[in-house]
Amino acid sequence: MKRFKKSNKFFKKVSRVIPLASQTFSKSYLQFIKGQAPLFLERGAGARVWDIDGHEYIDFINGLLSVILGYRYPAVDKAIKKQLERGISLSLSSPLEYELAELLKKHIPCAEMVRFGKNGSDVTSGAVRLARAVTKRDHIIVCGYHGWHDWYIGSTTRHLGVPESTRKLTHKFVYNNIDSLEKILKRYKGQVAAVIMEPMSYEEPKDNFLQKVKKITHEHGALLIFDEVITGFHFSLGGAQKYYGVTPDLAAFGKAMANGMPIAALVGRRKYMQKVGDIFYSFTFGGEALSLAAAIATIKEMERRNVIGYLWRLGKYLQDNTRGLLAKYGLDVIIKVEGKPFWQVFIISQHKKYSGLEIKSFIQQEVLQAGFLWYGQHNMSFSHTRRDIDKLLVAYDDIFGRLKEYLESDKLRRHLKGKPITNIFKVR
Ligand SMILES: Cc1ncc(COP(=O)(O)O)c(C=O)c1O
């Protein structure tokens, strides 16, 4: 049985100097069953990671969808090492910026011009500021998750510290509900700078939804921004905009772009992007060369090896069979595995006296014991093999069977070894 002695002890120490004991909400203890999960990883290779207690896991988190090829992927590491020999942050712009911009331009339909950032939040915020500058309007309409900056996070339940005046400028609409968008556009007629949305999260666009969003956004004189921080490099090398055939005015890419190195891209139509020089969009590490080299190597590897096709095929095999196992135990009403094959999300509802989070905590506790790093999603990597997936399915077969039994006999709580996950911040 896996124990997490070092993780739990180290957590206490770290918590005294690092709030949340993590730099990222989704990597923090808040996502895990208390005391019964690893909280710190020491290293990764391929699709595997090792925690500080020495346990090995097949990883289904994969750096929050950033590690698309796998840890220590040779072609990417080689490019990083080569650049390391030449310097990391040189005092003028690197020629690699142009090379990467051209690569993105080749693949992404709206990318007539390109600027870089480090995090997804840099480029969604850059896009929003640009749209405000272009339209000379202040209001923003959002759909999905767009990062930690004031203009967006003010519209969520985690808005502590965001001025009320900023919060009033952002409005949420509902995916696949065109009326919810139209209502806001009409209410703030002539004041909306942009509609920013994830082209898809785990719900499929229905009834030409994206086409309709584009039309109505333009009719109201606003810019359409696709937040492709997740969909980018996963739907196609040109993102969801290429896959669905709907080209936005601006788009934000990040995460998987450099197989885990920190880089993001703000791309868009030339007539808008030319104005990026007029707003203030600038930071010390915007042209940091290791990440540029890693991004070029990652994209070229994806061009060469049909990485996306592989993620979708293997992911579909996992998704279909997970659903099959849930149905086998009659759990498919309570637990759904939604989303596209490369990024599947467990949607777990309450059952009898058990909350969705208690049920999730039980599955997590057991899946971790079986040797998989898991937080309720299947984030696919090119390093996952069919054997890895089959192992997970064998574990699910056992875990779902027991879950069913404990739910039926009202004994689930008795089998939870730690306090369940409680504080999940939901934005999608
Ligand atoms: C769709 C989407 N947009 C924006 C962001 C923000 O990116 P980052 O955390 O790199 O700032 C995320 C992060 O999860 C995301 O999923």
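Which residue of β9 does F226 stand opposite? In this predicted model, F226 faces A251 across the pairing of the two strands. The strands concerned are β8 (residues 223–227) and β9, which pair in the parallel sense over three bridges. Between them the chain passes through helix α10 (residues 239–244), and the resulting β-α-β crossover from β8 to β9 is right-handed.

Strand β9 covers residues 250–253, and its side chains are split between two directions. L250 and A252 point one way, while A251 and F253 point the other way. All four are nevertheless buried. Besides β8, strand β9 pairs with β10 (residues 264–268), this time in the antiparallel sense and over four bridges. One of the matched pairs here joins L250 to G268, its bridge partner in β10. Following β9 thus leads from a parallel pairing with β8 to an antiparallel pairing with β10.

The ligand is a natural next stop. Its surroundings comprise N119, G120, S121, Y145, H146, G147, E198, D227, V229, I230, K255 and R428. By character, this shell divides into three nonpolar, five polar and four charged residues. Several polar atoms can be picked out by distance. A nitrogen atom of the ligand is 2.6 Å from an N or O atom in the side chain of D227, and D227 is also a residue of strand β8, which spans residues 223–227. On the oxygen side, the backbone of G120 places a polar atom 2.8 Å from a ligand oxygen. K255 contributes through its side chain, where a polar atom lies 3.0 Å from an oxygen atom of the ligand. Taken alone, the ligand exposes 390 Å², and the protein buries 84% of that area.

Another set of strands appears earlier in the chain. Strand β1 (residues 41–45) pairs with strand β2 (residues 48–51) in the antiparallel sense, over four bridges. In this pairing, L41 has D51 of β2 as its bridge partner. The hairpin of β1 and β2 has two residues between the strands, and G46 there takes a positive phi near 60°. Strand β2 is also joined to β3 (residues 56–59) by three bridges, again running antiparallel. Here W50 is matched with E56, its bridge partner in β3. The β2 and β3 hairpin has four residues between its strands, and G54 in the turn shows a positive phi of about 90°. Each of the two hairpins therefore offers a glycine with positive phi to look for: G46 in the hairpin of β1 and β2, and G54 in the turn between β2 and β3.

Two helical residues complete the picture. T322 belongs to helix α13, which runs over residues 307–328. T322 is classed as buried because its relative accessible area is 0%, under the 20% limit. The side chain of T322 reaches the backbone oxygen of L318 at 2.6 Å. L357, in turn, lies in helix α14 (residues 356–369). Is L357 buried, exposed or partly exposed? Its relative accessibility is 26%, so L357 counts as partly exposed. L357 also has a partner from another part of the chain: T422 is 65 residues away along the chain, yet the C-alpha atoms of L357 and T422 are separated by 6.8 Å.

Note on methods: Residues are numbered from 1 along each chain as its sequence is written. This is a predicted model: local features need pLDDT of at least 70, side-chain atom pairs count only at pLDDT 80 or more; totals for chains, interfaces and linings use all residues. Side-chain values use heavy atoms; hydrogens and water are left out. A residue is near a molecule or strand if one of its heavy atoms lies within 4 Å of it. A polar contact is a pair of N or O atoms within 3.5 Å; within protein, one must be able to donate a hydrogen and the other to accept it, and residues adjacent in sequence count only if both atoms are side-chain atoms. Accessible areas come from the Shrake-Rupley method with a 1.4 Å probe; for residues, only the protein chains shown count as cover. Ala, Val, Leu, Ile, Met, Phe, Trp, Tyr, Cys and Pro count as nonpolar, Asp, Glu, Lys and Arg as charged, and the others, Gly among them, as polar. Buried means under 20% relative accessible area, exposed over 50%, partly exposed in between (1.4 Å probe, protein chains only). Two strands pair if DSSP finds at least two bridges between them. A crossover is right-handed if, with the strands pointing away from the viewer, the path from the first strand over the helix to the second runs clockwise.
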